[in-house]
Amino acid sequence: MRTFFTIWAGQLVSILGSGLSRFALGVYIYELSGSATQFGLVLLSATLPSLLITPVAGALVDRWDRRTVMILADTGAALITLVIWGLLASDQLALWHIYILSALGAILEAFQAPAYTASITLIVPKEHYGRASGMTQLIEALAQIVTPIAAGFLVITIRLEGILMVDFITFFFAIAALMLVHIPKPPPSKEGLESKGSLLTEVRFGWNYLWKRTGLFGMLSLFAVINFALGFFSALITPMILSITTPEKLGTVVSAGGFGLFVGSIIMSTWGGAKRKMHSLIGSMIAFGFALSLMGVSNNLVVIGAAGFVFFILLPIAAGSSQAIWQRKIPPDLQGRIFSTRSLIASSARPLSLLLAGPLADFVFEPAMQANGSLASVLGPFLGVGAGRGIGLLFIIMGLIIVAANIIGYMNPRIRNVEDEIPDFKAEEPSPASG
C-alpha cells in the first residue's frame with residue numbers, strides 16, 4: 001500500500017489548498033451576485049464540460065500512462081488557479097471569467113478522475129478497495145472540516161488573493177508525490193484486446209459493455225436519479241444558509257458536515273463496507289435521503305448542522321461500497337473508459353438540476369414560502385416562512401426522491417443481485433512498487 005499512501009498524502013495537501021479557495025470563491029460569488037441562479041450556473045460550468053468530454057477522456061486514459069495524465073491534470077489545475085489569482089489581484093475578475101476557468105478545470109478533472117480511480121485498482125489489493133475508497137473520502141472530509149474555518153480566518157488576514165496563492169503552491173505537493181511513485185501498466189484482458197481499434201470504437205465500447213450488463217446499467221440509472229436530487233443540494237446549500245446568517249456561520253455548518261464525512265470515512269476505511277456491498281450501498285443512501293429532507297425542515301442552524309453531519313457520515317459508506325463493486329467487476333485495462341462512461345450516465349441529470357435549482361429557488365419556491373406566498377398558509381405552520389424556507393422545501397422533496405429511488409432500485413433483482421450475477425475480473429493481485 002506504500003504507493004497508494006504516497007499519492008494519497010500528496011492529494012491531501014493539494015485538496016486542502018483547493019478547499020480553501022473553493023469555499024472563499026463560493027462566498028465571493030454569492031456576495032457578488034446575490035443570486036442562487038448565478039451560483040448554480042457557476043457549478044454548472046464546472047460540471048457540464050466534464051460530462052461532455054469524459055467518454056473520450058476515459059478512452060485516452062486507457063491508452064496513456066495514468067501517472068503522466070494525473071501530473072499533467074494537476075499542473076493544468078495549478079495554472080488555472082494562478083490565472084484566477086492574477087485577475088483578482090488586478091481587480092479584473094468577473095463572473096464570466098469564473099465560468100470559463102471552471103469549465104477548463106472540469107475538462108482537466110475528466111482526465112484526472114478516471115486516471116486516479118483506475119490506478120487504485122493497480123496498486124491496492126482487491127480486499128482493500130473499500131478501505132482505499134474510504135481513505136480517498138477522508139481527504140474530502142479533512143478539507144471540509146479545516147478549510148471553511150481556515151478560509152474565514154485567512155480571508156481577513158491574507159484575503160482571497162493570498163488563499164489562491166496557497167492553493168497554487170499546494171498543487172506541487174500532489175505533483176511531487178506522483179513523480180516519486182511508479183504505477184504499473186494494467187495487464188491486458190480478453191475484452192480489452194477485443195476492443196482495440198479507433199478512438200471512436202473504444203469510446204463506444206464503454207457504452208456497449210455496460211448496456212450488456214443489466215445490473216451495472218441499472219445501478220447507473222439509479223445513480224442518475226440520486227445525482228439529480230443531490231444537484232439541488234450542491235447548488236442551494238450555500239445560498240440557503242447565507243440567506244439567513246453570515247459566512248462565518250456558514251463555515252461552521254459546512255465544518256459540521258466535514259466532521260460527519262471524516263467519521264464516515266474512518267468507518268469505511270476500517271470496515272470496508274458490508275460483505276455484500278449492495279446492502280451497505282442501498283441502506284446508506286436511503287438514510288442520507290432522510291437526512292437531506294431533515295436539513296430542510298427548519299432554519300435552525302443546529303438542526304441543519306446535525307442533519308448535515310449525519311448526511312455526510314453516510315456519503316463515504318455509499319460511495320465506497322459502490323466503488324468496491326465496480327473495481328471488482330471491471331478489468332483494470334478497461335477502467336478508464338468504463339468508469340468515464342459510468343460517470344457520464346450516473347451524472348447525466350446533474351446539469352439539469354444545477355440549471356433548474358437556482359430559478360426554482362429564486363422565482364418559485366422562495367416566493368411561495370414568504371409570509372404571503374402561495375404555500376405559506378399550507379406549509380408555513382410546519383416549515384416556517386421567510387428566507388430559506390423555499391429552498392428547505394426543495395431539500396425535503398429531493399430527499400424523499402432519493403429514498404423512493406433506492407427502494408425501487410433494490411426491488412429490481414438485476415440491481416440487488418449484481419454482485420452475484422456479474423463475476424469479478426480475474427487478474428494477479430497488484431504488487432506495490434515505488435521508485
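Start with serine 21: a polar atom of its side chain sits 3.0 Å from the backbone oxygen of serine 18. That is a polar contact, meaning a pair of N or O atoms within 3.5 Å, where within protein one must be able to donate a hydrogen and the other to accept it, and where residues adjacent in sequence count only if both atoms are side-chain atoms. Keep in mind that this is a predicted model, where local features need pLDDT of at least 70 and side-chain atom pairs count only at pLDDT 80 or more, while totals for chains, interfaces and linings use all residues. Residues are numbered from 1 along each chain as its sequence is written, and side-chain values use heavy atoms, with hydrogens and water left out.

Serine 21 belongs to helix α1 (residues 2-33); helices here are DSSP runs (H or I, at least four residues), numbered from the N terminus. Setting aside neighbours within four places in sequence, serine 21 touches Ile163, Leu164 and Asp167, with contact meaning heavy atoms within 4.5 Å.

How covered are a few residues? The cut-offs are under 20% relative accessible area for buried, over 50% for exposed and partly exposed in between (1.4 Å probe, protein chains only).

| Residue | Location | Relative accessibility | Class |
|---|---|---|---|
| Serine 21 | α1 | 6% | buried |
| Phenylalanine 309 | α13 | 31% | partly exposed |
| Aspartate 91 | loop between α4 and α5 | 73% | exposed |

Aspartate 91 has another feature: its phi is near 60 degrees, a positive value in a residue other than glycine. The loop that holds aspartate 91 runs between α4 (66-89) and α5 (95-123).

Now for the inside. The largest nonpolar core has 89 residues, and Met219, Phe223, Leu236 and Trp326 have the most contacts within it. Such a core is a set of buried Ala, Val, Leu, Ile, Met, Phe, Trp, Tyr and Cys residues joined through side-chain atoms within 4.5 Å. Helix α10 (residues 214-242) is the top contributor to this core, with 18 residues. A second, separate core of 31 residues includes Ala110, Tyr116, Leu178 and Ala324. Beyond its neighbours within four places in sequence, leucine 236 has contacts that include Ala36, Ala357, Ile391 and Phe395.

On the surface, Phe259, Val263, Ile267, Trp271, Phe309 and Val310 make up a nonpolar patch with about 490 Å² of accessible area together (Shrake-Rupley method, 1.4 Å probe, only the protein chains shown counting as cover). The elements giving two or more residues to the patch are α11 (247-271) and α13 (301-329), and α11 gives the most, with four.

Definitions and conventions:
Patches are made of residues with over 30% relative accessible area and no salt bridge: like charges are joined within 9 Å, nonpolar side chains (Val, Leu, Ile, Met, Phe, Trp, Tyr) within 5 Å. A salt bridge is a side-chain nitrogen of Lys or Arg within 4 Å of a carboxyl oxygen of Asp or Glu.
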